[in-house]
Amino acid sequence: MDLLNISSTALYTAFILYLIATFFFGATIKDKQTDNNKKGFSGKIAITLTIIGFLAQLVYFTTRWISSGHAPVSNMFEFLTFLGMALVFAFIILYAYYKLSFLGLFALPISMIIIAYASMFPTDISPLVPSLQSHWLYIHVTTVALGQGILGISFVVGLMYLIKEIDQTVKSKETTWLEIVMYILFVFIGFIVITTSFNLMNYNATFEYGPGNRTVTTDYHLPAIAAPTNSTLVTEDVMQPWFETPEWFQGEDAGRKFNTLIWSVITGTIIYLITRLILRKRVGATLQHLLKNIKADLLDEIEYRSVAIGFPVFTLGGLIFAAIWAEIAWGRFWGWDPKEVWAFVTWLFYAAYLHLRLSRGWHGKKSAWLAVIGFGIIMFNLIVVNLVLAGLHSYA
Amino acid sequence: MKQVKCECGHVNPLGTVLCESCGKPIEENQHIDGNEGKKLLNMRYDGTARRSKTYNKSIVDRIWSFFSSVKVGVWLIVLALIASMIGTIFPQEMYIPADAPNRDPAVFYESQYGVLGLIFYQLGLHNLYSSWWYMLLIALIGVSLVICSLDRFIPLFRALRHQNPKKHQSFLSRQRLYSETESSTDDELNMVKKQLKIRRYNIKETEGYLLAEKGRFSRWGPYVNHIGLIIILIAAILRTTPLFFMNEYVWVREGEIEVLPGSNGEYYVENKDFIFETHDENDERFKEALSKEGMVASNYQTDVVVYKADRSIPGEEPELEPIVEDSIQMNKPLSFEGYELIQSWYQLNEFSSMTFKIHETSDADEKSLGSFTVDLRNPQPEFELDNGFKVVLDQYYPDYYLDDNGIPASETNFPRNPAFVFSIYSEGNDKPEVSFVGIGRNIDGTGENNYKLGIQEFEMHDVSGLTFKYDRSLPFFGIGAAIFMIGVIQGMYWQHRRIWIHKRKDGSLVMAAHTNKNWFGLKKDIEVVTQNTNIKMVEDQQELDEKDK
């Protein structure tokens, strides 16, 4: 077996281990918190599995590095899997300190969604373009991912806080917004489900379109609802597109990505509705049950601390290292490229968060909402900026 | 200056909330930190007197209070955040794609994005980040940083430097972590002290009062990182002056020497060779990806010689003395004498010159009657041939294409796809024949021409686009960023923990504790130090507080 096979097997193993670990973390609910210091048996198994899973992912990372000759953080697949790994790493560290099993029950699924989402992007090892050929590639990208992973924990904990604290007995603005967040997570799951299904069927539809005087082709692996702007369908015997992607979608292959988004929303909505039908109550209300035994104060504190720890790491990687590299590669350390602007927006947002925590009245729910929104901004920079806004940073 | 005297005898500056010495709340000032009706004291700034909360008579006072408010600071951050987001809705002017049909912003935004694009352009959002109001916003954040920091740092520094372990009961009982133990022994207290020392607490004692403190320096973190930010803002101002920053671009053809713009004619650069390389398609590792993505570049490189001009005789052509010979690659800029050359753009396969021959239209062998060479960058208007023919260059399209109306035009000024309209005057004839010639094109103006032109040979070259610059503000940005990082790490990764213990004469003991973050860690500390004693674990009064609500 060659290195690349070992690498993808290791990633797969890690994913499965995280999945099993999640169930064991789930089982700790039954342990009931009789004594804080006495850890249940399932809790021990769960954290052990998580650590083995993390090690497996490290194997994926190193073997892929060796076989490609560069740090595997150079495209969307590689970056997102690394982000998932950073999230698990941050969780393990926090677990060592706070010994909070419930955190795993929520952090691991989020990490798994990220890794599965990553696997939907091309996983081939691709060579580096000249602008990426620098040691700063892995210095910058790994630091950013680590920072975002730690900030991701604040999202997870903030979400847990909201699930626990929001009164689910009556419908309110808060329950609605919480359901919207849950629904967005379902859209990600929808994306994974629909992409995997059509990939298994080997679905393919090719379009031709011409920006300027050139002609470009693009392969759809999902039936085309939205075709690329000004395109013609080449493949026969496949579904005709319903409409064309609006022109203002910028970025490479915007049509195909937009089409994928539509499919994800449709699939996610269906899965969400089925879930609601089975549960017969809000998803948030169902999950609230799991968090009965946990102290809200502690969640609030972990959320704040993970922002406090993640913020300097993100600043270092996302702004300072980024600027140093931009200075070397492009001769300007800051250029107001959309990706840079959104890194700055993220930074300003968490700066505002940290300042708001100084005043009374911004702890608890308000602060938890901010942690959720903050991670939303990070995800926006990762996904929407590449899909719609495009810029120099088009690789990931 | 007016002062407030506490019952412990300490004289506090006006506006003090908690006595600097004993911590007893000063009755009339409780509203300042919002302590009224609350069980817990606001310990954010240790109840010190802040200028912003004390004086608000003069205009200076009001401005000071305005900018020192965290609320105002957060609002400024939020406004900057929203403004920054808005600027990414459509591309900024400098990022209008090179292949856009019309790059003029007055046309581009409306034609690409419709009414919203037009509004974006008319509001000036296409240059948002250099607009006066965006800069003003950033400057206001800077002002707020300075005032906020001074307003808090100075009193806090004073208060924390002269801490008195002897605290008033009303100070202790209104801390978040608090416990009362009915009886305790001296041995127990000594054990606690020993444990505290092991955990690296500094201990100060007077008259049965004890203060254990650790990580005070983390309180200065915010002020340190604000200093870093201010240095960065100052560096940004410096960078706008030519003394600190210069940035020019130059296109150099292979084999040519160009003066470096912005160097006052002091430096010249020669492009010896431009190298464009791609990844090997047969490389096992990348085979799969390359077959999908097609060619991927692996190297952009210009081999250059930099010359320094020696102008010993004014007005004469300078003598060029080579000072550096090196290769510039992406991610490997060339530095010399405080300047930098950066590989920024390239243009492959431009035509440098084309040589044409004239032959009779009817001649199947196309025997040359005479030839001439057009320098494509600087074409001569007329060519006199040896055989007495005269050729006039009527039109020249360096980068020929047919525009939307079917009229020949040039897409760029670079000779990538040259085309020409020539008038040929045969010997002794003053009525010209008109020909249109380009690559793969040879059109006869009338269809009755006796003579025809053919491309005999051509020369090509690559062009390299280099950025030539210096940026002397970089060290300041570096120092600012480093100080900022030190500040945030200092403030975020350490915490200021304080534990107050008061052992009364009757053996009862009071313990209170405060930290600026990580209460969980502080509680763990206290749990450990009170182990094996009868001293009661502190209770978290904030939790109780919330339950009461």
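In this predicted model, the centres of domain 2 and domain 3 of chain B, taken over C-alpha atoms, sit 66 Å apart. Those two are part of a four-way split of chain B: domain 1 covers 50-160, domain 2 combines 163-215 with 495-548, domain 3 combines 245-348 with 465-473, and domain 4 runs over 352-458.

Some strand pairing in chain B starts with a hairpin. Strands β4 (residues 202-206) and β5 (residues 209-214) of chain B run antiparallel to one another, held in register by 5 bridges, with Thr206(B) bridged to Tyr209(B) in β5(B). Just 2 residues lie between β4(B) and β5(B), and Glu207(B), in the turn, takes a positive phi of about 40°. β5(B) also pairs with strand β22 (residues 497-503) of chain B, again in the antiparallel sense and over 6 bridges. Here Leu210(B) stands opposite Ile501(B) of β22(B).

Another piece of chain B is an open sheet of 4 strands, ordered β7-β8-β9-β10, with antiparallel pairing. The edges belong to β7 (257-259) and β10 (319-329) of chain B; each has a single partner strand, so one side of each goes without a neighbour in the sheet. From one strand to the next, the twist averages 25°. Within this sheet, β8 (residues 267-278) and β9 (residues 297-310) of chain B pair antiparallel over 11 bridges, and Ile275(B) has Gln301(B) of β9(B) as its bridge partner.

As for how the chains meet, 49 residues of chain B are in contact with 49 residues of chain A. Elements giving two or more residues to chain B's side include α4 (105-122), β9, β12 (339-360), β21 (451-471) and α10 (474-493) of chain B, but the largest share, 9 residues, comes from α3(B). By type, the chain B side breaks down into 25 nonpolar, 14 polar and 10 charged residues.

Then there is the packing. The largest nonpolar core holds 133 residues, and those touching the most other members are Leu87(A), Phe91(A), Leu103(A), Ala107(A), Ile153(A), Val156(A) and Leu159(A). Helix α9 (residues 296-330) of chain A gives the most to this core, with 17 residues. Leaving aside residues up to four places away in sequence, Ile153(A) touches Leu87(A), Ala90(A), Phe91(A), Leu94(A), Ala107(A) and Ser306(A). Another core, of 22 residues, lies apart from the largest one, and among its members are Ala212(B), Leu522(B), Val529(B) and Val538(B).

Conventions
Residues are numbered from 1 along each chain as its sequence is written. Chains are lettered from A and ligands numbered from 1 in the order in which they are written. This is a predicted model: local features need pLDDT of at least 70, side-chain atom pairs count only at pLDDT 80 or more; totals for chains, interfaces and linings use all residues. A nonpolar core is a set of buried Ala, Val, Leu, Ile, Met, Phe, Trp, Tyr and Cys residues joined through C-beta atoms within 7 Å. A residue is buried if 20 or more other C-beta atoms lie within 10 Å of its own, exposed if 12 or fewer, and partly exposed in between; C-beta atoms are placed from the backbone. Two residues are in contact if their C-beta atoms, placed from the backbone, lie within 7 Å. Two strands pair if DSSP finds at least two bridges between them. Axes are lines fitted to C-alpha atoms, for helices over the stretch in contact, and angles run from 0 to 180 degrees between N-to-C directions. Ala, Val, Leu, Ile, Met, Phe, Trp, Tyr, Cys and Pro count as nonpolar, Asp, Glu, Lys and Arg as charged, and the others, Gly among them, as polar. Domain bounds come from an automatic or database domain assignment.
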